[in-house]
Amino acid sequence: MSPSHLLALRPPPDIEAQVVAFRQAQGIRDAAAVPHLTVKARSGLDDDLHWLELVPAVAAATPPVPVELLAPCVFPNGRALYLPARSPGAVRLHLDLLGALRPARRFGYEGPHLTPHGRRDMNMDALLDAARQAFPHPPTFTATELVWMRKPGPGGAYQPVQSWTLGGTRDP
């Protein structure tokens, strides 16, 4: 199977470290090893990489994105734990990416979610309880970069490949 790609916002190092520590403590190993907030899922992000030419302009036209993480949840299918995000800016960025990239098909679940997934064979009730203890007051942050992340294939994890500064700002 070929690699897959997504475009994301990443939390600052302190929040990323908190999510990574939680995942390690719970024994979670999956494609979401690097914490991120997906703003464009893999639909339309083909291996030809022609879509990459359009991304810098969208990033440059997008101001830094404030993000508020919410209390941990489990997806309705019961197979993954995630930290939802409230971020009108991330939604606007997502819609702008859809408009610029014009994927031939779109996933119904595309949207902004920081998603530290749990494994299917894990007890989601116990994992959700642990997450609520680990994240009693989910943080806020402002994302300053749009990041291309690539997963090499099945069983792999998404890793950052390239990033673009949002709105021409620099990291603080």
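A residue counts as buried when its relative accessible area is under 20%, and as exposed when that figure is over 50%. Keep that in mind while looking around this predicted model, since burial comes up again and again below.

**The chain as a whole**

The chain has 172 residues, and 47% of them count as buried. It holds four helices and nine strands, and reading from the N terminus you meet them in the order β-α-β-α-β-β-β-α-β-α-β-β-β. If you take the contacts between residues at least 6 apart in sequence, 76% of them join residues at least 24 apart. The accessible surface adds up to about 8900 Å², with 52% of that belonging to carbon and sulfur atoms.

**Two aromatic pairs**

Let's start with the rings, as the structure holds two aromatic pairs. One is made by Phe 22 and Phe 135, which meet edge-to-face. These two come from distant parts of the chain: Phe 22 belongs to helix 1 (residues 13-26), while Phe 135 sits in the loop between helix 4 (124-134) and strand 7 (140-143). Both Phe 22 and Phe 135 are buried. The other pair is Trp 51 with Trp 148, whose planes stand at 90°, so this pair is edge-to-face. Here too distant parts of the chain are linked, with Trp 51 in the loop between strand 2 and helix 2, and Trp 148 in strand 8.

| Pair | Centre to centre | Angle between planes | Separation along the chain |
|---|---|---|---|
| Phe 22 and Phe 135 | 5.6 Å | 65° | 113 residues |
| Trp 51 and Trp 148 | 5.8 Å | 90° | 97 residues |

Are the two tryptophans buried or exposed? Trp 51 has a relative accessible area of 5%, so it counts as buried. Trp 148 comes out at 7%, so it is buried as well.

**Helix 3 and its neighbours**

Now find helix 3, which covers residues 88-101 and includes His 94. With 14 residues at 1.5 Å a residue, helix 3 should span 20 Å, and its end C-alpha atoms are indeed 20 Å apart. Its buried residues are Gly 89, Ala 90, Leu 93, His 94, Leu 97, Leu 98 and Leu 101. They pack against several elements, among them strand 1 (4-9), helix 2 (55-60) and strand 8.

His 94 has a relative accessibility of 6%, so it counts as buried. What does the side chain of His 94 reach? It reaches the backbone oxygen of Val 39, at 2.5 Å. Just past the end of helix 3, Arg 102 takes a positive phi of about 45°.

**Strand 5 and its partners**

Strand 5 runs over residues 81-86 and is mostly covered, with five of its six residues buried. It pairs with strand 3 in the antiparallel sense over two bridges, and Arg 86 of strand 5 is the bridge partner of Glu 68. Strand 4 (residues 73-74) also runs antiparallel to strand 5, joined to it by two bridges. In strand 5, Leu 81 stands opposite Val 74. The hairpin of strand 4 and strand 5 has six residues between the strands, and Gly 78 takes a positive phi near 75° there.

**A glycine in a loop**

One last stop is Gly 153, in the loop between strand 8 (145-151) and strand 9 (159-165). Its relative accessible area is 8%, so Gly 153 is buried. Gly 153 and Ser 4 are 149 residues apart along the chain, yet their C-alpha atoms are separated by 6.8 Å.

Technical notes:
Residues numbered from 1 in each chain as written. Predicted model: local features only at pLDDT ≥ 70, side-chain atom pairs only at ≥ 80, totals over all residues. Heavy atoms only, no water. Buried < 20%, exposed > 50% of the residue type's maximum accessible area, 1.4 Å probe, protein only. Contact = heavy atoms within 4.5 Å. Areas by Shrake-Rupley, 256 points an atom, 1.4 Å probe, with all protein chains shown as cover. Polar contact = N/O pair within 3.5 Å; in protein donor to acceptor, adjacent residues only side chain to side chain. Expected span 1.5 Å × (residues − 1). Pairing = 2+ DSSP bridges. Phe/Tyr/Trp six-rings, centres within 6.5 Å; stacked < 30°, edge-to-face > 60°.
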